[in-house]
Amino acid sequence: MNTKIQIPDVKIAFFDLDKTITTENTDYLYSSWLMKKSLKGRIELLWLYFLGKKYNKGTLKMTDYMKFQKFRLGSRPVVHIKEKISRFFNEAGITHINNIAVQYIKKHNDMNHITVLLTAQNEFIAEPYAKHYNMDLHVGNAFIIQDEKITTPRTPYCFQDGKIHWAEKIADEKNTALNN
């Protein structure tokens with residue numbers, strides 16, 4: 001069934017990554033992909049299981065999630081992190097795409113709207129999705145980078161109220177209001 005997509009005339013359109021642009025949770029997608037390559041993937045999946053239990057109970061603290069992300073990204077130079085995540089995207093990430101969301105992104109791009117990927121996922125994993133779909137910006141949870149290595153988490157986190165902060169900041173930088 002081919003449904004015609006109606007797009008409102010807005011200046012900026014925000015999209016989430018997990019179960020919006022993708023059909024799955026990208027934390028699990030990445031860890032499952034990594035599990036086939038190393039023991040670290042198994043450790044990540046176990047850690048995600050416990051984080052998921054906390055999330056479902058409403059007790060997940062972003063400091064705990066960011067500790068997980070720091071473990072995931074490790075101490076390698078940023079260029080190596082990006083290379084590995086690029087391999088993940090090309091081998092596994094691209095295979096779990098929500099085609100309806102992609103149609104919406106394309107329509108917004110065709111109408112010259114600013115398209116933004118706003119996600120609680122780390123920015124390294126978000127970046128190839130945003131680039132692949134020609135999105136203007138992407139913001140996710142991130143770390144301060146010093147000497148080409150990640151250090152401390154950037155705040156506010158891109159989660160819950162933090163997403164509103166980042167959306168308002170982007171809208172302000174683009175000289176538009178969120179209600180436009």
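In which helix does Gln-69 lie? I began with this residue and found that Gln-69 lies in helix H4, which covers residues 62–73. I note at the outset that I am working with a predicted model.

**Entry 1: Gln-69**

I looked up the accessibility of Gln-69 and found a relative accessible area of 0%, and because buried means under 20%, I put Gln-69 down as buried. Setting aside residues up to four places away in sequence, I listed the residues that Gln-69 touches, and these are Asp-27, Gln-121, Asn-122 and Phe-143. I then checked one pair that lies 73 residues apart along the chain, Gln-69 and Ala-142, and found their C-alpha atoms separated by 9.1 Å.

**Entry 2: Gln-121**

Since Gln-121 appears among the residues that Gln-69 touches, I turned to it next. I found Gln-121 in strand E2, and I recorded it as buried, with a relative accessible area of 1%. Not counting residues up to four places away in sequence, Gln-121 touches Leu-17, Thr-26, Asp-27, Tyr-65, Gln-69, Arg-72, Gly-140 and Asn-141. I noticed that Asp-27 is named in this list and is also named among the residues that Gln-69 touches. For a separation in the other sense, I looked at Gln-121 and Lys-106, which are 15 residues apart along the chain, and their C-alpha atoms are separated by 22 Å.

**Entry 3: Val-116**

I stayed with strand E2, which runs over residues 114–122, and looked up Val-116, which has its place there. Is Val-116 buried or exposed? I found a relative accessible area of 0%, and I therefore noted Val-116 as buried. Leaving aside its neighbours within four places in sequence, I found Val-116 in contact with Ile-12, Ala-13, Phe-14, Phe-15, Met-135, Leu-137 and Ile-170. One of these contacts, Ile-170, is 54 residues away from Val-116 along the chain, and the C-alpha atoms of the two are separated by 8.8 Å.

**Entry 4: Val-102**

I moved on to helix H6, residues 99–110, where Val-102 lies. Its relative accessible area came out at 19%, and because the cut-off for buried is under 20%, I entered Val-102 as buried. Leaving aside its neighbours within four places in sequence, I found Val-102 in contact with Ile-97 and Tyr-133. I also looked up the separation of Val-102 from Met-62, 40 residues apart along the chain, and read 29 Å between their C-alpha atoms.

**Entry 5: H2 against H5**

I then looked at how helix H2 (residues 26–35) packs with helix H5 (residues 78–91), and found an angle of about 95 degrees, with the axes 10 Å apart. I therefore wrote down H2 and H5 as roughly perpendicular to each other. From H2 the residues in the contact are Leu-29, Tyr-30, Trp-33 and Leu-34, and in H5 they meet Lys-84, Ile-85, Arg-87, Phe-88 and Glu-91. By class, I counted six nonpolar residues and three charged ones in this contact, with no polar residue.

**Entry 6: backbone in the loops**

I checked the loop between strands E4 (143–146) and E5, where Asp-147 has its place, and where Glu-148 lies as well. Asp-147 has a phi near 50 degrees, a positive value in a residue other than glycine, and Glu-148, likewise not a glycine, has a positive phi of about 65 degrees. I recorded Asp-147 as exposed, with a relative accessible area of 78%, whereas Glu-148 is partly exposed at 48%.

Which residues does a cis peptide bond join? I found that the bond joins Thr-155 and Pro-156, with omega at about 0 degrees. Pro-156 has its place in the loop between strand E5 (149–153) and helix H8 (161–173).

**Entry 7: the whole chain**

I closed with the protein chain as a whole, whose secondary structure comes to eight helices and five strands. From the N terminus on, I read the elements in the order β-α-α-α-α-α-α-β-α-β-β-β-α. The radius of gyration is 17 Å, close to the 16 Å that the globule rule gives for 180 residues, so I noted the chain as being as compact as a globular protein of that length. Along its principal axes the C-alpha trace spans about 45 × 35 × 35 Å.

Of the 180 residues, 43% count as buried. I noted that, among contacts between residues at least 6 apart in sequence, 65% join residues at least 24 apart. The accessible surface comes to about 10300 Å², and 53% of it belongs to carbon and sulfur atoms.

Conventions:
Residues are numbered from 1 along each chain as its sequence is written. This is a predicted model: local features need pLDDT of at least 70, side-chain atom pairs count only at pLDDT 80 or more; totals for chains, interfaces and linings use all residues. Side-chain values use heavy atoms; hydrogens and water are left out. Axes are lines fitted to C-alpha atoms, for helices over the stretch in contact, and angles run from 0 to 180 degrees between N-to-C directions. Helices (H or I, at least four residues) and strands (E, at least two) are DSSP runs, numbered from the N terminus. Angles under 35 degrees count as roughly parallel, over 145 as roughly antiparallel, 65 to 115 as roughly perpendicular and the rest as oblique. Contact means heavy atoms within 4.5 Å. Ala, Val, Leu, Ile, Met, Phe, Trp, Tyr, Cys and Pro count as nonpolar, Asp, Glu, Lys and Arg as charged, and the others, Gly among them, as polar. Buried means under 20% relative accessible area, exposed over 50%, partly exposed in between (1.4 Å probe, protein chains only). The radius of gyration is taken over C-alpha atoms; the globule rule is 2.2 Å times the number of residues to the power 0.38. Accessible areas come from the Shrake-Rupley method with a 1.4 Å probe; for residues, only the protein chains shown count as cover.
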